[in-house]
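Q: I would like to learn how to read a protein model. Could you walk me through it, one feature at a time?

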Amino acid sequence: MKTTMSSLSAFGDSSIQTPSKSRIRQGCHSAGPNVSGDHINLASSSMPSFPILQRSSEEKILYSDRLTLERQKLTVCPIIDGEEHLRLLNFQHNFITRIQNISNLQRLIFLDLYDNQIEEISGLSTLRSLRVLLLGKNRIKKISNLENLKSLDVLDLHGNQITKIENVNHLCDLRVLNLARNLLSHVDNLNGLDSLTELNLRHNQITFVRDVDNLPCLQRLFLSFNNISTFESVCCLADSSSLSDITFDGNPIAQESWYKHTILQNMMQLRQLDMKRVTEKKRLTINNVARKWDLQQHRIPNIAPNQDRKVSDSPQDPSQLHGSTISAFPEETGSLDSGLTSALQGLSVTDTHLVEVDGDTLSLYGSGALESLDRNWSVQTAGMVTTVSFTFIEFDEIVQVLPKLKIKFPNSLHLKFKETNLVMLQQFNALAQLRRVDQLTIDPQGNPVVNFTLWKYYVLFRLSHFSMQKINGTEVTQNDMIMAERLFGILAHVASSELPQYRLISILGDARKKQFRYLLETKGKKPGLVNEENSDSKRLVGENTNRATLNYTTRDFYNERLEEIKEKKKFCKMYMEDLVKEATEINMKNEALQKLWPQMFIELVRDAVIEIRNKSSYMKLCLQQITDQK
């Protein structure tokens, strides 16, 4: 029986069922009351409300330890006499409202009452050998009356109306507990379940989790489709040393940009997250990227400086891995190293970035991941991506690849930024060059700009041409757009009116330059010469032109411009110095000439007088000089 139970799983939201072939061989599933040709009869008893189960001696010998009364339209449990040796009893898919008439089956190990109308757990106090109790899809409102079932191994209560976990602390041998599709709002009171390895809490209303760290054997925890929105509400999970598989999909927390990184960073022992395998290499890489980022931001001391190297890229389009695409990190099936923390501290910075495609989301960790945009992504993969998440990357570096992003992933509509150093409103101007943005998520962690009261309004104003639908998960309303225009409209007008015409044209794209020139040409015309349609077009283009003047120059580009300006200044300085030097020398020569000129003039006059004193001799000398020159 132990082997049989180990092969069962209570973590589907449906009931655990015995194999259909086995049930068919039992020959008792079609056993209705007094059906001819059947070995089992449900005859009337002296007690008018309870039928009596009757099986032939051959049937008892053939199936001595099991009995299945599935789909018999039973409203009560029949009286079962002479069957004290039963170990498996199946009442699935009936209309039973109360558990009764089975107290004499003290050898019973497996009891299945899935899909009935039971409102209270009762009538089980004598079944001390019971190992598997399946009560899924009933009407139970409270967990109770399990005090004597200390040997219970599997308890399935999914699909009921339970609002609180209680009265299970004594079940020290319980391995599997299924409470999916109930009305739970919180998880606690789990102390004492020392053997619990699987806990299914899918499809509840859970907002926080406690006591899970006190379950020494818990390996699989399923929290999909609840109302968990912060890591703080489940932080006790980080203290669990045994937990290896966990799911949060369908919760608000799973939509956050920081979700996967935070979970993996705080739950180092995880092997699966949301039913997808987490490799040790991937976890180490994310933590290494985070550590490198913290060092760059001077948040932690640099213990062991290393030379910066880049992780090797996977060839061409990344390969698919369990529905997730991971760049450069093949799946590893080995067990998790017990010295994971020490391994992280000594990890080589070879793994300094991570590129992952998970469904419709492209996640980039570390600045090196931006190089992945240069790859030859397949049309199918690139077209599937609608969300791009940036983590541990300087925003100024992201700005430089936005044109590539627009081309490589034309369907990307949702951008997420976490730990990207968004510190001022001007940085949002850079996003205007994208093709389209429907949603924008700016995580407060590592992005101080969200501390500005009006940052959302500025985004809506500057990126108004995108008609954005959501910012940080909140719907954008028409009132938000009006308020954004009121707050920042004058800013754009002032910025554009103060710029020289040549500077304004240099900012605009080619198409916008033509429109702007058209506006300038029609500016002096009378209103009657321009029809109403052109006036509306002019007004719209003017608004866009105003916004276009609010641009953003990255620090690197600004530094390059500074270097260029410095070079020009240096050249100008050298040129001016040469001019000054030359002018100084000319001036010095002029001053020297002024001092020497009087004496020079006297000597010139004296020499001339001496030469022409004897006129005939002077003429002969001149004629001789002319003759010699010929």
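Q: Let me begin with a pair of facing residues: which residue stands opposite Leu-362 in β19?
A: Welcome! Keep in mind that we are looking at a predicted model. To find a facing residue, step across from one strand to its neighbour. Here, Val-357 is the residue opposite Leu-362 in β19.

Q: How many bridges join β18 to β19, and do the two strands run parallel or antiparallel?
A: Count the bridges, then compare the directions of the two strands. Strand β18 (residues 354-358) is joined to β19 by five bridges, and the two run antiparallel.

Q: What lies between β18 and β19?
A: Follow the chain from one strand into the next. There are two residues between β18 and β19, and the strands form a hairpin. Gly-359, in the turn, has a positive phi of about 70°.

Q: Which strand does β19 run parallel to?
A: A strand can have a partner on another side too, so look for further bridges. Five of them join β19 to strand β20 (residues 387-391), and this pairing is parallel. Leu-362, for example, has Val-388 as its bridge partner in β20. Between these strands the chain passes through helix α7 (residues 379-384), which makes a β-α-β crossover that is right-handed.

Q: Is β19 enclosed or open, and why?
A: Check how much of each residue a probe could reach. In strand β19 (residues 361-365), five of the five residues are buried, so the strand is largely enclosed by the rest of the structure. You can also look at the side-chain directions: Thr-361, Ser-363 and Tyr-365 point one way, while Leu-362 and Leu-364 point the other way, and all are buried.

Q: In what order do the strands of the open sheet come?
A: To read a sheet, go from neighbour to neighbour. Eleven strands make up this open sheet, in the order β3-β4-β5-β6-β7-β8-β10-β12-β13-β14-β15, with mixed pairing. Its edge strands, β3 (66-68) and β15 (276-277), each pair on one side only.

Q: How many bridges join β10 to β12?
A: Let us look at one pairing inside that sheet. Three bridges link strand β10 (residues 198-200) with strand β12 (residues 220-222), and these run parallel. One example of partners is Glu-198 with Arg-220 in β12.

Q: How many aromatic pairs does the structure hold?
A: For aromatic pairs, compare the ring centres and then the ring planes. The structure holds ten such pairs. In one of them, Phe-390 and Phe-417 are stacked, at 5.4 Å centre to centre with 15° between the planes. Phe-390 is in strand β20 and Phe-417 in strand β21 (residues 414-418), so the pair ties together parts that are 27 residues apart in sequence.

Q: Are Phe-390 and Phe-417 buried or exposed?
A: Phe-390 has 0% relative accessibility and counts as buried. Phe-417 is buried as well, with a relative accessible area of 0%. These two residues and Phe-395 form one aromatic cluster.

Q: Where do I find a residue other than glycine with a positive phi?
A: Here is the background: most residues other than glycine have a negative phi. Lys-137 has a positive value, near 55°. Lys-137 sits in the loop between β6 (132-134) and β7 (154-156), and is partly exposed, with a relative accessible area of 42%. Ser-467 also has a positive phi, of about 50°, although it is not a glycine. The loop between α9 (455-462) and β23 holds Ser-467, which is exposed at 52% relative accessible area.

Q: Which residues does Lys-470 touch?
A: Contacts can link places apart along the chain. Leaving out residues up to four places away in sequence, Lys-470 touches Asp-438, Gln-439, Leu-440, Glu-475 and Val-476. Lys-470 belongs to strand β23 (residues 470-471) and counts as partly exposed, at 28% relative accessibility. Its C-alpha atom is separated by 9.6 Å from that of Val-437, 33 residues apart along the chain.

Q: How many disulfides are found?
A: Check the separation of the cysteine sulfurs. A search of the whole structure finds zero disulfides. Take Cys-235: the closest cysteine sulfur, in Cys-236, is 6.1 Å from its own sulfur, too far for a bond. Cys-235 is partly exposed, with a relative accessible area of 39%.

Key:
Residues numbered from 1 in each chain as written. Predicted model: local features only at pLDDT ≥ 70, side-chain atom pairs only at ≥ 80, totals over all residues. Heavy atoms only, no water. Pairing = 2+ DSSP bridges. Helix = DSSP H or I, 4+ residues; strand = E, 2+ residues; numbered from the N terminus. Buried < 20%, exposed > 50% of the residue type's maximum accessible area, 1.4 Å probe, protein only. Right-handed = clockwise from strand over helix to strand, strands pointing away. Phe/Tyr/Trp six-rings, centres within 6.5 Å; stacked < 30°, edge-to-face > 60°. Contact = heavy atoms within 4.5 Å. Disulfide = S-S within 2.5 Å.
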